[in-house]
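Which charged side chains pair up in this structure, and where do they lie? Please look at the sequence and the model below before reading on.

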Amino acid sequence: MNVCVGDIIKLENNQFVAADLLLLSSSEPHGLCYIETAELDGETNMKVRQAIPVTSELGDISKLAKFDGEVICEPPNNKLDKFSGTLYWKENKFPLSNQNMLLRGCVLRNTEWCFGLVIFAGPDTKLMQNSGRTKFKRTSIDRLMNTLVLWIFGFLVCMGVILAIGNAIWEHEVGTRFQVYLPWDEAVDSAFFSGFLSFWSYIIILNTVVPISLYVSVEVIRLGHSYFINWDKKMFCMKKRTPAEARTTTLNEELGQVEYIFSDKTGTLTQNIMVFNKCSINGHSYGDVFDVLGHKAELGERPEPVDFSFNPLADKKFLFWDPSLLEAVKMGDPHTHEFFRLLSLCHTVMSEEKNEGELYYKAQSPDEGALVTAARNFGFVFRSRTPKTITVHEMGTAITYQLLAILDFNNIRKRMSVIVRNPEGKIRLYCKGADTILLDRLHHSTQELLNTTTDHLNEYAGEGLRTLVLAYKDLDEEYYEEWAERRLQASLAQDSREDRLASIYEEVESNMMLLGATAIEDKLQQGVPETIALLTLANIKIWVLTGDKQETAVNIGYSCKMLTDDMTEVFIVTGHTVLEVREELRKAREKMMDSSRTVGNGFTYQEKLSSSKLTSVLEAVAGEYALVINGHSLAHALEADMELEFLETACACKAVICCRVTPLQKAQVVELVKKYKKAVTLAIGDGANDVSMIKTAHIGVGISGQEGIQAVLASDYSFSQFKFLQRLLLVHGRWSYLRMCKFLCYFFYKNFAFTMVHFWFGFFCGFSAQTVYDQYFITLYNIVYTSLPVLAMGVFDQDVPEQRSMEYPKLYEPGQLNLLFNKREFFICIAQGIYTSVLMFFIPYGVFAEATRDDGTQLADYQSFAVTVATSLVIVVSVQIGLDTGYWTAINHFFIWGSLAVYFAILFAMHSNGLFDMFPNQFRFVGNAQNTLAQPTVWLTIVLTTVVCIMPVVAFRFLRLHLKPDLSDTVRYTQLVRKKQKAQHRCMRRVGRTGSRRSGYAFSHQEGFGELIMSGKNMRLSSLALSSFTTRSSSSWIESLRRKKSDSASSPSGAADKPLKG
């Protein structure tokens, strides 16, 4: 559709809005229309938009054709919640606001048709203004590899220069003496020119030090890791039949280095499904089910849900477990009836009846939908509404109420009310709202009921439920008429209209009578709290960036355990100006600093700070804090002069929740952390409003949820549930990072060990650019002899099994700190390679200088020396990769030992009579390999070289394992202890014992766990116990494990010891 600014277009029900439109008219009364904004802010609830009165009558084509108004408005921008403009028509001016706009990306709902004037089209629309540009993503290892390759190339040039200078000096000092039988080539006329040619010869010979094949091997390994993610059955959602998908192969190892996760809320953390769970009516709490002993029944122990078959209009999907509430309704309890009457009247839900008796509710918020559905099932069925009436079926009887006024909800009022007139002519105000607001507006006569209800509210809030308080007030006719007139005057005021209306509403919403309270469960996705707890233990910080309102986001924060009552303080930033936001952030920092002047356990704040590697003073604060900030405040906080203050404050908090943020603001927050923290970021979301954030982060993850597949299409990885994120990071990400680092270390090592032998040989061959190995070995070394073993290690290696990776999330931290491959590790690998090359050349060289064959002839000749060095090299690098491999598979065995076998097969074939007969000019040294390897001296030389090259590595790793083991070492050792003890236990059970019988309890438990349980430190995750152990001396940890092993072996029961699990 070629839509241009100024066009008038018609939209029909369920169509997407193609441009930013000014609503002119609709099929609904008063120019109303209903839209769904899930693509913009992630909310699946409906919102209302209204045409200005002067255009709402333009309902047919002929009237629209005569419309010649002019709109002057703000320039294109990315603010989804604001629009400012003026319509000039018929010599009048009409103000325009966001309530008159339909933005691109919305969907028209429950409205047969509407007409709109195109204000912004194409890239000028607010949706497109919020879209980030696609960036090419590279991992930190990629960038480091590029730098290292440049360094290696510089090192190659330096070696070439050194050897070229050596050649020039040798030719000048020594070579001139051999001109008779070693003349220079015709083109060479001086020692300097000989050195120049030698430089290029050595650049060619030593070029294998530059790892050209490295990039190909890296991509092959990444491809294998991507297939492992795609094939992971534990990340497959049976309900949606959706597997995990790696949509890129270039970022796998960076999954093991994530420090910050930026998550959407609606549809990512939650299912966006609200469930009516409990309620309090007239001081009586409903919703809990008790067994015969009076104990509260758990979910799995509950009987059948309440039977609503008496109500033909009931929603069959609604479940409630307490039958006493339905009994109270059937008995005609007036308080209960009034409670559900309020729920069926006080809302802005739209009802749609597709077939007789089949009601579908469209609510502006999921909370309202859940409350109206609850009233529906308990016999108070909201059936239909008009702008002036509401029809409710009360226990089967249709009753129409006159709707006099709706006092709508906003973030300041935190409540909504309706004023209705019943068929008897009685006027009543019904109100529902947050307990912190509504309880202060009750009549003093309800104090006793208020105390009871408050206890119930505290109980519900402790269970993570979303609560609302319900109240009512009777109004007499005269007061209402007078109040309605004042309300009309306030609504027509040109200045301070909102303040005047708020004052009018405040007046009538006072001295109300308490009815009760509701408790709604916002259903989280399965496993969200556990996933967040696990990722937090892995030192990953989680920020929630949502377009939802503050109250909803905070409630979800508590539900998923990001926010807890044990937190020192939750800072809420709601300032509307730069100064207000700056002051609120400053106060938050001051409170954190004041509480951190001294830290427990005898450490002062300064001591703690000096012992840490934190980049910010605030990150060392004691206590747990959370920050909640609104979108309008965030807009100021992200300005250039305040962004560092905001970042410093946010990074000092354990949890950060940003509410009412636009898609572009989500991307800006991610960019801010990337810019200053230099940390790997991951963004996860499920809607089009998350696309900018997903594109901006180092890694983007899309959830295939309820809001389309835009997020999935823009993502690097996708799956269907948030809980799979823990497996993606802690298993696949950590393994990918580990494998890639081990692969790179070994690759650089083997190349330097291979190439540097040429360098040392240059000093003994007159710098003549003669190679140590024959040409075929040089060609096949990287292609055949050493390529497959290192690929197998890079694809299949593990340090600990996947269960231990999930059980001990602290294992994830080396990736965050980039400990396994960095410039220091690179130089260590290079040093090991150079050390190996020195021994590889000088040990055989020293032996061959004096060695003889079995028949007494001289052993030293060029080809025998080449075979000996090459064989030593292949064996040494094969043994080295065997030491580096932590997880042996049949493929690893086949590739390592198969490569050795292939080497010897090719070696003997190249020195065989057959190849000499076919290619006499290429394979001249017939029988050389057989003759050389038949000498015991050669094999002793190979063994000596191998031992001297490998033993320092073995000794170093042995000492490090015993003196300073890392966490993966302790986990592996613990696993080994458990296996041995289980085997021991099985053996002892087979041996029949006689004598006194002792309690198995004494031998299957360990001292100290009772205290651990009482201290609350043994959460569901047993890694907590291990992480506390690792703060002690590592050697003492190993020794304690050994003592436990020996004690268990000597105990009569031989029961399996479980030192790390609570």
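The turns below deal with salt bridges in this structure.

This is a predicted model in which local features need pLDDT of at least 70 and side-chain atom pairs count only at pLDDT 80 or more, while totals for chains, interfaces and linings use all residues. Residues are numbered from 1 along each chain as its sequence is written, and side-chain values use heavy atoms, with hydrogens and water left out.

Reader: How many salt bridges are there?
Author: A salt bridge is a side-chain nitrogen of Lys or Arg within 4 Å of a carboxyl oxygen of Asp or Glu. Under this rule the count is 41.

Reader: Which residue meets Arg428 in a salt bridge?
Author: The N to O distance in this pair is 2.5 Å, and the partner of Arg428 is Glu338. The pair links distant parts of the chain, 90 residues apart, with Arg428 in strand 21 (strands are DSSP E runs of at least two residues, helices H or I runs of at least four, both numbered from the N terminus) and the partner in helix 8, which is Glu338.

Reader: Is Asp797 buried or exposed?
Author: Asp797 forms a salt bridge with Lys742 at 2.6 Å, N to O. Buried means under 20% relative accessible area, exposed over 50% and partly exposed in between (1.4 Å probe, protein chains only). Lys742, at 22% relative accessibility, counts as partly exposed, whereas Asp797, at 0%, counts as buried.
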